[in-house]
Structures are given as C-alpha cells and as structure tokens.
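Colleague: Could you take a close look at one part of this model, the helix packing? I would like the axes, the contacts and the residue classes, and then whatever helps to place them.

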4 protein chains.
Amino acid sequence: MILVIKNDSQKRQLDNLVSWIKSLGLNVYMSRGENSTILGIIGDTSLVDVDLIRSLDIVETVKRISEPYKKANRKFHPDDTIIESSSARFGGKNFAVIAGPCSVESEEQIVSIARDVKKAGATALRGGAFKPRTSPYAFQGLRADGLKLLLVAKEVTGLPIVTEIMSVTHLDLFRDVDIIQVGARNMQNFELLKELGKLDVPILLKRGLANTIEEWIMSAEYIMSEGNARVILCERGIRTFEHYTRNTLDLSAIPLIKELTHLPVIVDPSHASGLARLVAPLSLASTGVGADGLIIEVHNNPEKALCDGPQCIRPQQFSDIMDRIRVILPLVNKEMCF
Amino acid sequence: MILVIKNDSQKRQLDNLVSWIKSLGLNVYMSRGENSTILGIIGDTSLVDVDLIRSLDIVETVKRISEPYKKANRKFHPDDTIIESSSARFGGKNFAVIAGPCSVESEEQIVSIARDVKKAGATALRGGAFKPRTSPYAFQGLRADGLKLLLVAKEVTGLPIVTEIMSVTHLDLFRDVDIIQVGARNMQNFELLKELGKLDVPILLKRGLANTIEEWIMSAEYIMSEGNARVILCERGIRTFEHYTRNTLDLSAIPLIKELTHLPVIVDPSHASGLARLVAPLSLASTGVGADGLIIEVHNNPEKALCDGPQCIRPQQFSDIMDRIRVILPLVNKEMCF
Amino acid sequence: MILVIKNDSQKRQLDNLVSWIKSLGLNVYMSRGENSTILGIIGDTSLVDVDLIRSLDIVETVKRISEPYKKANRKFHPDDTIIESSSARFGGKNFAVIAGPCSVESEEQIVSIARDVKKAGATALRGGAFKPRTSPYAFQGLRADGLKLLLVAKEVTGLPIVTEIMSVTHLDLFRDVDIIQVGARNMQNFELLKELGKLDVPILLKRGLANTIEEWIMSAEYIMSEGNARVILCERGIRTFEHYTRNTLDLSAIPLIKELTHLPVIVDPSHASGLARLVAPLSLASTGVGADGLIIEVHNNPEKALCDGPQCIRPQQFSDIMDRIRVILPLVNKEMCF
Amino acid sequence: MILVIKNDSQKRQLDNLVSWIKSLGLNVYMSRGENSTILGIIGDTSLVDVDLIRSLDIVETVKRISEPYKKANRKFHPDDTIIESSSARFGGKNFAVIAGPCSVESEEQIVSIARDVKKAGATALRGGAFKPRTSPYAFQGLRADGLKLLLVAKEVTGLPIVTEIMSVTHLDLFRDVDIIQVGARNMQNFELLKELGKLDVPILLKRGLANTIEEWIMSAEYIMSEGNARVILCERGIRTFEHYTRNTLDLSAIPLIKELTHLPVIVDPSHASGLARLVAPLSLASTGVGADGLIIEVHNNPEKALCDGPQCIRPQQFSDIMDRIRVILPLVNKEMCF
C-alpha cells in the first residue's frame with residue numbers, strides 16, 4: 001500500500017501515522033521528495049481499512065499495491081480450488097455444465113428437463129424456486145413447493161441441484177440443496193453472505209449487475225471469511241449503455257478472475273443476453289475464453305415458460321451446444337466433467 | 001402496451017393471444033400492415049407480466065406505453081404525498097434535512113452531533129449502526145449497540161432517527177426507529193422490501209448503484225403493494241465510467257421522479273461524490289433542481305471518523321450550507337421544514 | 001414506426017399529421033383507445049427524421065419498429081457481403097486475420113513483423129502511422145513516414161495494409177492504403193465518414209467507446225450512403241465501470257450485428273483489454289462467437305514498442321493462437337482465409 | 001509518479017531504468033521492500049509517456065501522483081482564467097449565458113430569437129449551422145448558409161456568436177465566428193484540436209459522451225499546447241445505463257474541474273436531458289453547483305424546430321429562468337455578466 005502524504009503535514013502527525021502502521025505489524029518505507037512524501041507499507045495489508053487511512057488529515061491519496069482479499073487470493077493459494085458436488089466438479093481441468101429451466105413449474109416439467117439435460121451431458125440441474133422479479137406483480141416462483149419438486153428431479157436423475165436463495169429466513173428450506181446460488185441482486189447482501197459462510201455447501205456467487213471484479217471477489221471473501229471455502233463464481237453480464245442485449249457479458253473477466261483467485265468461475269450465457277439465439281455463440285465463446293463451466297437455461301417448451309422464456313433453449317439445441325463445446329475443450333486444457 | 005406480431009404467425013395463434021388478453025379484462029386494438037401486425041392493449045396493464053408476453057412464439061416486440069407501477073404512479077395519485085415523522089415532513093412544499101455521522105461511534109459523539117445539527121436546522125438525525133462494507137475486514141458498525149445510542153440521542157434532542165437495516169432478521173431491533181433506511185445494495189432485496197411493506201413506518205429507499213429510475217420506483221411499489229405507502233426515495237449517485245467521484249450524482253432524476261410518482265425524493269450529496277468539499281455545491285444544486293430534502297453526513301471530527309470520513313463535513317460547514325439553501329427554497333416553491 | 005398521440009390533441013392537428021406522413025409515401029393505421037390514440041406507420045421509415053416527429057406538439061412517444069438504416073440492413077440484403085482486398089476476404093465463410101504492430105517504428109521492424117505474421121497465417125498487415133493519443137505529449141506516430149514504411153512491407157510480403165486515418169486532410173497520403181481504418185474516437189466524425197464514402201476502398205470501422213450497436217451501424221450507413229458499400233465493422237470494447245481491463249469487450253454484439261446487417265464484423269482483442277495475456281483467450285472466444293476475423297497486435301519486441309506495448313504479443317504466441325483458432329473454425333462454419 | 005517494480009527484476013535492468021528517468025531531468029527515490037521495490041519519480045512528469053513506462057519488462061504498475069496536463073493545470077496557474085468575447089466574460093466572478101436555437105433555420109428565426117434572448121440577459125448567441133446527426137438521412141443544418149445568417153443576427157444584436165465546427169476543412173468559413181464550439185463527438189478529434197490551437201479565438205470544448213474528466217482536460221491541453229489558451233469547457237451529460245434522460249448530467253464534475261484547472265466551465269442543460277421541462281431545474285442546479293455559465297437552447301416555436309425540438313424552451317421561459325438564476329448567483333460568489 002502506498003500513501004502520498006500532503007505537503008503541509010507536520011512532522012508530529014507523520015510520526016504518529018508511522019507508529020500506528022507499525023503497531024499493526026506492518027513495515028513502512030519512506031521517500032521524501034521536494035513536493036511530496038511517499039510511504040510504502042509492506043506486509044499483510046488486506047486487514048487494513050483503506051477508508052480509515054484515506055480519512056486521515058495528512059493523507060493525500062492511498063493506493064493499494066496488493067489486493068484487499070486474502071482467502072480468495074491466488075497469491076496465497078497458487079493451485080486451483082476444485083469444488084465437488086456429487087459427480088459435478090468445478091475448477092482445475094474440469095468443465096461442468098449446469099442446465100435446467102428458469103423456473104420450476106411442475107413435477108412433470110422439471111423431471112422431464114432433468115432427464116433431457118442429463119442425457120446431453122449436464123452434471124447438475126438448475127431451476128428457480130424463489131424468483132427475484134423487478135415487479136411485485138410478476139410471478140415470484142413456486143417457492144417452497146418448487147424446492148420440493150427439484151428434490152424429486154434429483155431423486156429421479158441423480159443430478160445435484162442448484163437453486164437461488166433470496167433471504168436468510170429461508171435457510172431451513174435449503175437443507176437438501178446441493179449448490180446454493182446467490183443472485184446478482186444479492187451479491188452485496190452481506191448479512192446473507194455471512195450466514196452462507198457458516199454452511200458446508202458450495203455457493204454459486206453471481207456477479208452483481210454493476211459490480212467490479214474486485215467487489216465480486218470481496219463478496220466471495222465474505223463467505224470464505226466465515227469458514228466456507230467452497231465458492232464458485234459466475235459471470236452473468238454487467239449493465240452498460242447498450243440495450244440491444246439485456247446485459248453485456250464480460251468475458252475478459254474470466255481469465256482475469258483466474259489470475260486473481262484460485263476459485264472456479266463459470267458463465268451464464270442465458271441471462272447475460274436474454275436472447276435464446278445468443279446462447280450457443282456465447283457458450284462457445286465462454287469455453288474458448290477459459291471458463292470452468294456454464295449454467296444454461298433449458299426448457300422443453302420455451303414459449304410456455306412462466307418467466308424469462310425468451311432466453312431459454314430446447315434440449316436438442318442444448319445437446320448440439322455440448323457437442324461443439326467438447327471440440328474446444330482440449331484447446332483450453334479442459335475436460336468435460338460427467 | 002403495444003405488441004408487434006411476427007409476420008409468419010398463424011391466424012389461430014393470433015386469435016388465441018387476443019382471447020387471452022381480453023380474458024385479463026383488457027381491450028385490444030389491431031392494426032394489420034403488409035409487413036407487420038400491431039396490437040394495442042388498453043387498460044390497466046401494470047398487472048400484466050411483460051416477460052411472459054415477450055416469450056410467446058408469435059410476439060416480435062413488446063413496448064409498454066404506460067408504466068408498470070400503479071400505487072407509486074402520479075397518474076393515479078396526482079397530489080404530492082407528504083410523509084411525516086415527528087416534526088420532519090417530506091413532500092409537498094416541505095424541504096427536510098436529515099443530518100448526522102456516517103457511523104454511530106459513542107454516546108458522546110452521537111449526542112453532540114445531534115445537538116449541533118438540530119441547532120443548524122436539521123429535522124432528523126442519521127447515523128449508521130449496521131454498516132454495509134465491501135470488505136469483511138472493515139468496521140461493520142456498532143450494530144445493536146449503535147441503535148441504542150441513536151435512541152439516546154433521540155431522547156435528548158427530540159429528533160426522529162434514520163438508520164439502515166441490512167437484514168430481515170434484525171427487524172425486531174428496529175422497533176423504535178422512526179425512519180428505516182434501505183441502502184443502495186439492498187434496493188432489490190425483494191424479500192426485505194416485502195417485510196418492510198408490512199410495517200407502518202416511513203421507509204427511506206436509496207437508489208441502487210446501477211438501477212434505472214423505473215426499477216427504483218418498482219422497488220417502492222414492492223413496499224407499497226404490501227400496504228406501507230410511506231416511502232421516501234433517495235438519490236445517491238449511480239455507477240459510471242467516471243472515477244474522480246465515487247459515483248455520479250444523477251440530479252436529472254429528481255424532476256423526472258416527481259413527474260412519475262407522487263412520493264417525496266431527497267438527495268444524499270455525501271455518498272454521491274465521496275468528497276467532503278463537494279457536499280456544499282451538490283447541496284445547493286439539489287435544492288435548485290427541486291428535491292424534497294437532503295441527507296448529509298456531518299461529523300464533529302471527520303479525521304477520526306471510523307468510516308467514510310472523507311465525505312463528512314463539520315457542523316459549522318453544515319450550518320453555512322443550511323443558510324444558503326434557505327435563499328434558494330422560495331425559487332422552487334419550498335419551505336424549510338423544522 | 002409507432003406514434004402514441006397525446007390525449008388532448010385536436011382532431012385538426014391529428015389530421016395534419018396523418019396527411020403529412022402519407023405525403024412521404026407511407027401508410028398510416030390508426031387505433032383509437034379511450035386513453036390514447038396510436039398511429040402505426042408502415043413503409044420505408046428509414047428516411048423519416050424521428051427527432052422531427054418527436055418534436056411535434058401532439059406526439060407523446062415515437063417507437064421505431066424497423067431499423068433506421070437501410071443500405072446496411074440485412075432485411076434488404078439477406079446475403080453476407082464479402083469484402084476482398086488482395087488475398088484477404090472478410091465475410092461469408094471466410095475468417096481473416098489482420099496482424100502487426102501498434103505503431104510502425106522502422107523499416108526493419110515493420111518488414112520483420114510482416115514476414116512473421118504472414119508465415120503464421122495473417123492475410124493483412126496492420127500498423128499505426130497516425131496515432132490518436134490522449135496526451136499531446138505522447139508519441140503521435142511516424143505519420144507520413146510511417147505510411148511509406150508500410151508500403152515497403154507490403155512490397156516485400158504482398159500483404160495488403162491496414163492503417164488508421166485521423167483527418168480528411170490526410171486523404172491524399174492514403175492513396176495506396178488497402179484498407180483504411182476509422183478509429184473508435186472518430187466513429188462519429190461524420191464529415192470524415194462522408195469523404196470515405198466517396199472512395200472505392202474497404203473501410204474498417206471501429207466501434208466507438210460508448211456507442212450503441214445502432215449508432216455504429218448508422219456510421220456504416222453514412223459511408224454507404226455516399227456510395228462505398230465496402231465497410232468492415234470492428235468491435236474493440238466499450239467503456240464501462242470495470243477498470244481492471246481498459247475496455248469491456250462486447251462479444252454478444254457479434255451475433256447481433258450479423259443478424260442486423262450483412263456486413264462482416266471482426267474483433268480487436270488487443271485494444272479491448274489492453275493486456276497481452278488476454279489476447280489468446282479473447283481470440284478463441286471471438287472465433288467461437290462467430291466473428292469474421294481478428295485484428296491482433298504483434299510485435300517482435302513488445303518491451304521496446306513505442307506505444308501500447310502491454311497489449312502486444314510476440315510472433316510465436318500469434319502462431320500458437322492461429323493454430324488453436326483453426327480447430328474452432330469448423331464449429332462455426334468458417335474457414336481460415338489465406 | 002510511482003512505479004512498482006516486479007520482484008524478479010535484475011539489478012542491471014533496474015539501474016538502466018533509473019538512469020533513463022534521470023536523463024529526462026527527473027529525480028528518483030527508491031524504497032526496497034521484501035516483496036516489491038517502489039520508485040518515486042519527482043519532477044515534471046507531464047511530459048513522460050506513461051504507456052511507454054508501463055510497457056517496460058520490469059514494471060508491474062505505474063501510478064501517476066501528479067496530473068498529466070500542465071497548461072490547463074490549476075497548480076501552475078492558481079488564478080481563474082477569464083475569457084472574453086465582446087461583452088461575454090467566462091470565468092472568475094462572471095456568469096455568462098449563451099442562448100439560441102438548436103439549428104439556424106432562417107434569417108427571421110435567428111434574428112428574432114437573438115433579440116429575445118438578448119433582452120432576457122443572454123450575452124452570446126448560439127445556433128447550429130453544421131449539425132452532427134446520427135443518421136445520414138437527418139437534417140444536417142444549413143451549413144455555410146447558416147453561418148451567414150448567424151452573422152446577420154450578430155450584426156443586428158451585437159451578440160457574439162457561438163457555433164459548432166465539424167471538420168478542419170471548414171475552418172475558412174469560421175473566420176468571423178466569435179467562439180468556435182467543438183462538439184462531444186469530436187472531443188478526441190485530435191487533428192481538429194491541434195488546428196484550433198493555432199487560432200486566436202475562444203474554443204468551447206464539450207465533454208465527450210463517455211470521456212473522463214481527465215481525458216476532457218487533456219483535450220483542452222491539446223488546444224493549449226499549440227498556443228491557444230482560450231478554452232471554455234462545457235459539461236453536457238455523459239452516457240450511462242439510465243435511458244429516461246438522453247444523457248446523465250454530471251454536475252459533480254463542475255467543482256472538480258474548477259479545482260483541477262483554471263479554465264471556465266459552463267453547463268448545457270438542454271442537451272444533457274433532451275427534455276425541455278428539465279431545462280429550468282437543471283439550470284438552477286448548475287448555477288448552485290458553481291458553473292461559470294450556461295448554454296441553453298431557446299426557440300420561438302419549438303414544435304416547428306427542424307431538430308432537437310423537444311429540448312427547446314421558449315423566450316418567456318428563458319427569461320423566467322434568468323430571473324431565478326440571479327437570486328442564486330450571490331450565494332456562489334458570482335455576478336451575471338451582461
């Protein structure tokens with residue numbers, strides 16, 4: 001961490017600051033120039049409150065050299081973390097595909113789709129029970145009943161299930177969920193993250209609509225700081241001025257995330273664009289860019305889907321995408337996990 | 001609502017769609033052109049799930065003509081809503097200023113600041129007890145203890161208190177809070193909004209970092225749809241590519257919000273820029289643009305503030321801003337509420 | 001085009017509007033509802049000035065159904081346009097790669113790189129002579145001398161050359177340039193676009209930093225409206241709040257562009273991220289998403305490059321990327337052009 | 001400027017870098033830590049090419065401490081620059097208002113509006129002759145004929161005229177223009193900026209749609225570096241995800257610009273929102289935030305305006321805004337210039 005000290009600071013103030021930094025177990029190196037004094041702070045600065053330092057009277061600017069996260073940081077865990085849930089494996093050489101409908105609608109629907117996607121090579125089943133909707137008047141999901149139907153589909157197919165939690169108060173209902181998803185709108189619901197950090201279940205953490213890569217990793221750090229190290233990141237598009245697509249999928253984030261952290265990161269091409277016909281090209285692109293997997297919306301009757309139908313593809317299209325992905329995987333040193 | 005129907009649609013499909021729309025109690029007008037057929041849907045379309053319609057096979061595009069919100073909509077409530085809490089009044093001709101520290105730190109601190117801001121003309125006291133922080137390692141607020149200290153300051157000064165809630169599970173602790181704040185990061189925490197909609201207490205709803213004006217009003221609609229009509233909106237800056245300021249304060253939103261809704265809307269100039277020296281100019285600008293009030297961070301010792309110090313101003317500066325605001329108020333047909 | 005007419009409009013005004021629209025050779029269909037009147041305008045609305053209509057007293061909103069561009073529109077030219085320059089072919093089943101240094105620095109440098117990239121499979125040589133730099137104090141390119149060196153490299157290798165024009169006044173210098181590039185900052189330099197529209201040479205039109213897909217196609221339409229139909233589009237990243245990468249590469253734009261227009265569209269993975277180590281993953285992603293080619297910065301000594309060194313890769317890395325791209329091409333029904 | 005040197009750098013490379021920096025007339029201070037070495041460069045770093053340094057093999061990151069602009073920098077010119085054109089004065093205690101129609105349409109129109117706005121207190125007349133339009137099919141302005149009509153209005157009223165240039169090749173036509181405007185789309189048309197830098201006429205430099213404050217000042221620096229120090233900055237809104245307004249007016253930029261530079265900065269409330277009914281509130285806000293003036297679109301018949309009608313106000317509304325502005329000016333230590 002580098003601090004630039006204001007020109008008009010008094011020696012006493014500077015001495016106090018240096019003493020205080022040293023008291024945190026950190027070392028300080030000082031460069032005095034004619035117009036500015038620069039302090040270099042060396043050591044584990046992830047525990048330093050950068051806002052507090054910035055607020056000090058004598059500090060002009062603060063620049064971090066090292067990242068503000070530690071448990072998620074690849075520097076301290078050079079090897080890829082591999083997260084397993086039944087036969088699904090995320091990270092390392094594994095490429096895992098989660099598929100299923102936007103919303104669980106009925107037992108027949110979810111079981112039928114589960115069978116279809118398993119046959120095409122998916123290793124986990126997604127399905128929304130609690131649905132975050134912009135309008136209070138829109139369909140909010142089957143909620144607790146939807147969770148029960150997902151468990152039926154799991155029983156029938158053996159696929160682990162992935163579904164979104166929207167409130168700490170629903171935690172009891174999620175006891176048998178294999179991978180708990182935190183949606184984009186709750187990425188900085190810190191109280192929820194802390195509670196999920198106390199569980200021993202993989203958390204699929206989606207990137208917020210307008211969150212930086214650093215903030216996203218910090219939210220993973222919230223979960224990990226409470227003890228749960230099994231975090232899977234999921235890029236799903238960010239909000240920009242472009243409105244032809246619902247969001248702008250940020251694929252550059254994937255190789256960057258893999259440099260910065262040891263956690264697996266997958267891509268959601270369905271929500272990113274909101275257009276079914278973009279799912280195939282974005283899935284191939286995500287594979288080529290080095291993602292650890294995909295989460296794809298598949299419906300056996302997209303026109304009748306109760307929500308987000310326009311971004312759903314059919315099982316046959318899903319199967320075709322899977323076939324093409326398998327050709328790309330060796331180029332990025334990956335294998336389809338099944 | 002206008003639907004453009006695909007060219008290759010079959011008559012049977014179109015007839016089905018028209019029947020279904022009429023079954024919702026809405027009227028349909030049809031324009032058949034050579035290349036496209038257009039349906040105009042007339043009636044209360046706020047209850048229609050636009051995503052569901054968009055997902056239909058024969059629909060090319062859907063465009064709303066009327067807004068998707070109803071209870072918050074000025075069309076159905078032409079008069080300004082005025083929300084009162086003790087002597088504070090938001091909306092109509094009233095201009096109300098909430099002031100106080102970012103975080104509650106001690107009884108001495110909060111009581112002293114409360115007295116100072118009351119003297120300068122503030123009608124409510126703000127103070128953070130539960131603090132949403134990007135890093136799990138940063139100071140998270142005094143939490144329940146902070147709420148108790150706020151109640152002491154209320155007891156001493158008579159000022160109603162405004163503080164942020166971060167989880168449904170904390171609701172019991174907020175029984176005596178006068179105005180409950182929902183922070184930017186929880187603007188789309190829909191389960192929290194629904195619970196707050198069941199209370200009879202004013203809710204200060206901050207705009208999310210990357211949320212559109214329409215989404216923001218829809219979040220107010222979530223609260224109102226459960227019965228609580230006392231929602232105060234608060235603009236606090238949106239996220240853009242510009243990084244000299246922490247956020248970009250969107251003052252154009254204020255007159256638009258007042259056209260679209262009957263709810264009061266105030267501005268937070270402190271969080272918008274993150275720079276204390278911008279609080280005064282942005283406060284004057286917010287007054288000139290027609291806001292119903294301000295929420296300003298004031299600290300008696302900004303350099304020692306435990307969080308967000310750089311954006312805090314001192315009581316003397318606050319008092320000076322209040323004096324200048326009073327000159328502008330008659331130009332926008334407002335009066336300082338006290 | 002759909003017009004929503006204000007409720008309080010007088011019949012005479014509406015009649016005038018309808019007459020005027022018909023005088024433009026367009027048909028009008030009217031739906032009168034209780035609360036609003038809707039006009040559907042059918043015909044070639046690309047020639048209608050939407051701002052002019054929006055400004056009329058009786059018009060509440062205007063929504064285009066059809067696109068405001070015509071010559072670039074796939075609806076009127078269903079087949080892919082294929083643009084040739086020597087052996088380079090852009091569009092259709094062709095995949096063409098342009099490679100070369102950010103800036104031309106010396107004859108030795110440009111000839112050596114030209115040979116290297118040709119050997120690895122590039123079909124055109126890029127190299128900056130006129131360089132748009134944010135600072136007036138930064139290196140501005142070798143300018144006219146740089147163009148001469150590019151022509152030497154073309155002479156030696158036979159590769160067509162691609163280089164950026166920054167001013168109408170330089171047009172004479174560009175007589176022998178095979179493909180003239182318009183940079184992101186000049187995407188809406190309309191006077192320059194019009195002049196380029198009078199030439200018979202392919203134009204590589206980069207997307208502006210903050211331009212929508214529609215604005216980008218409209219800039220292609222500017223060139224085409226003057227007679228030059230040989231426009232190649234190039235996605236190079238848009239500006240967002242994320243700052244770990246210089247720009248956010250918008251790969252979803254590629255399949256959308258190919259739906260909306262018949263023009264070829266390529267990707268610049270080097271400028272998009274500004275990081276050399278992201279060039280390989282973003283090149284594979286761009287190929288998977290269906291782009292018609294790539295433009296990649298290659299330098300034989302990136303550390304010594306006079307500008308934009310951090311995003312340059314070496315010839316050996318370039319050759320490795322080309323090998324991997326060839327595996328993906330059959331999946332997207334493309335062939336490497338050489 | 002601070003350089004963080006990579007851990008694995010060799011002593012010889014570091015020595016070479018230090019020597020090279022010193023050869024530029026700069027001083028270097030070095031802090032060696034266990035994990036990183038930090039170089040502080042002291043002196044006039046505005047002439048250093050930061051991209052070149054970043055590209056060096058041994059450099060991990062570069063952070064500027066001082067700004068990359070010099071002539072525009074308030075540090076080197078602490079006093080406000082005041083720019084005069086006839087009776088209009090921009091900067092210092094002056095508040096100057098430019099008003100007039102979006103486009104010049106006829107002699108009668110421009111002369112009539114010029115008289116109206118002069119009467120209401122405007123000190124300069126704006127009017128578009130060359131119009132940058134997204135579509136090649138939209139009205140492009142009266143061009144050279146429009147300039148002639150502006151000169152007639154100047155002759156009649158004595159108001160200096162402000163109008164936009166779109167190409168270096170039109171410079172001859174602008175001989176008698178008092179203030180030459182560079183539009184948002186040409187803010188980084190560097191070849192145009194350089195030519196304008198050779199003139200002795202005030203340049204009104206609008207902020208680009210997606211340009212940072214720093215890039216904007218750098219474009220002023222381009223003009224100033226060629227000798228023309230008379231640059232007036234103009235904030236007109238930036239592009240964000242919010243689409244209810246055409247752009248998001250960034251009023252926080254005003255006090256920041258005035259800290260960073262000594263140049264005057266005015267606001268365009270008309271183009272910022274694109275809505276006539278927002279012009280009054282945004283004008284009051286701009287005055288309160290400390291701008292040096294305004295540029296407002298006024299039309300005597302907005303419904304008939306050939307372009308951008310929806311954002312035009314009438315002379316009577318303009319006069320009313322001016323009256324309210326005069327009340328705010330003393331609060332920000334300004335006087336209306338006339």
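Modeller: The helix contacts come next, followed by a chain interface, the sheets and the domains.

First, the ground rules. This is a predicted model, where local features need pLDDT of at least 70, side-chain atom pairs count only at pLDDT 80 or more, and totals for chains, interfaces and linings use all residues. Residues are numbered from 1 along each chain as its sequence is written, while chains are lettered from A and ligands numbered from 1 in the order in which they are written.

Two packed helices are described by the angle between their axes and the distance between the axes. Here, axes are lines fitted to C-alpha atoms, for helices over the stretch in contact, and angles run from 0 to 180 degrees between N-to-C directions. Helices (H or I, at least four residues) and strands (E, at least two) are DSSP runs, numbered from the N terminus.

Start with α9 across two chains. Helix α9 of chain B spans residues 279–289, as does helix α9 of chain D. Their axes come within 7 Å and cross at roughly 160°. Therefore α9(B) and α9(D) are roughly antiparallel to each other. The cut-offs: under 35 degrees is roughly parallel, over 145 roughly antiparallel, 65 to 115 roughly perpendicular, and the rest oblique. The crossing of α9(B) and α9(D) is right-handed. Right-handed means that the near helix is turned clockwise from the far one by less than a right angle; anticlockwise would be left-handed.

Next, who touches whom. On the α9(B) side sit B:P281, B:L282, B:L284, B:A285, B:T287, B:G288 and B:V289. They meet D:P281, D:L282, D:L284, D:A285, D:T287, D:G288 and D:V289 of α9(D). Contact here requires C-beta atoms, placed from the backbone, to lie within 7 Å. By class, the α9(B)–α9(D) contact has ten nonpolar, four polar and no charged residues. Ala, Val, Leu, Ile, Met, Phe, Trp, Tyr, Cys and Pro count as nonpolar, Asp, Glu, Lys and Arg as charged, and the others, Gly among them, as polar.

Now stay inside chain D. The axes of α9(D) and α10(D) come within 10 Å and cross at roughly 25°. These two helices are therefore roughly parallel to each other. The crossing of α9(D) with α10(D) is right-handed. From α9(D), D:A280, D:S283, D:L284, D:T287 and D:G288 take part. Their partners in α10(D) are D:Q317, D:I321, D:R324, D:I325 and D:I328. That contact holds five nonpolar, four polar and one charged residue. D:L284, D:T287 and D:G288 of α9(D) are also listed in the contact with α9(B).

Helix α10(D) (residues 315–328) has another partner, α3(D) (residues 107–120). The axes of α3(D) and α10(D) come within 9 Å and cross at roughly 20°. That makes α3(D) roughly parallel to α10(D). The crossing of α3(D) and α10(D) is right-handed. D:D116, D:V117 and D:A120 of α3(D) meet D:P315, D:F318, D:S319 and D:M322 of α10(D). The classes in this contact are five nonpolar, one polar and one charged.

The interface of chain A with chain C also involves α9. There, 31 residues of chain A are in contact with 31 residues of chain C. On the chain A side, α7 (253–260), α8 (269–273), α9 (279–289) and α10 (315–328) each give two or more residues. The largest share, seven residues, comes from α9(A). The chain A side divides into 19 nonpolar, nine polar and three charged residues.

Away from the helices, look at the sheets. Chain B has an open sheet of four strands in the order β2-β3-β1-β4, with antiparallel pairing. Pairing needs at least two DSSP bridges between two strands. Its edge strands, β2 (27–32) and β4 (59–63) of chain B, each pair on one side only. Six bridges join β2(B) to β3(B) (residues 37–42). B:S31 has B:I38 as its bridge partner in β3(B).

Chain C also has an open four-stranded sheet, ordered β2-β3-β1-β4 with antiparallel pairing. Its twist averages 20° from one strand to the next. Strand β1(C) (residues 2–5) runs antiparallel to β4(C), with four bridges between them. C:I5 stands opposite C:V59 in β4(C).

Last, the domains. An automatic or database domain assignment sets the bounds. In chain A it gives domain 1 (2–63) and domain 2 (74–336). The centres of these two domains of chain A, taken over C-alpha atoms, are 42 Å apart.

Note on methods:
Two residues are in contact if their C-beta atoms, placed from the backbone, lie within 7 Å.
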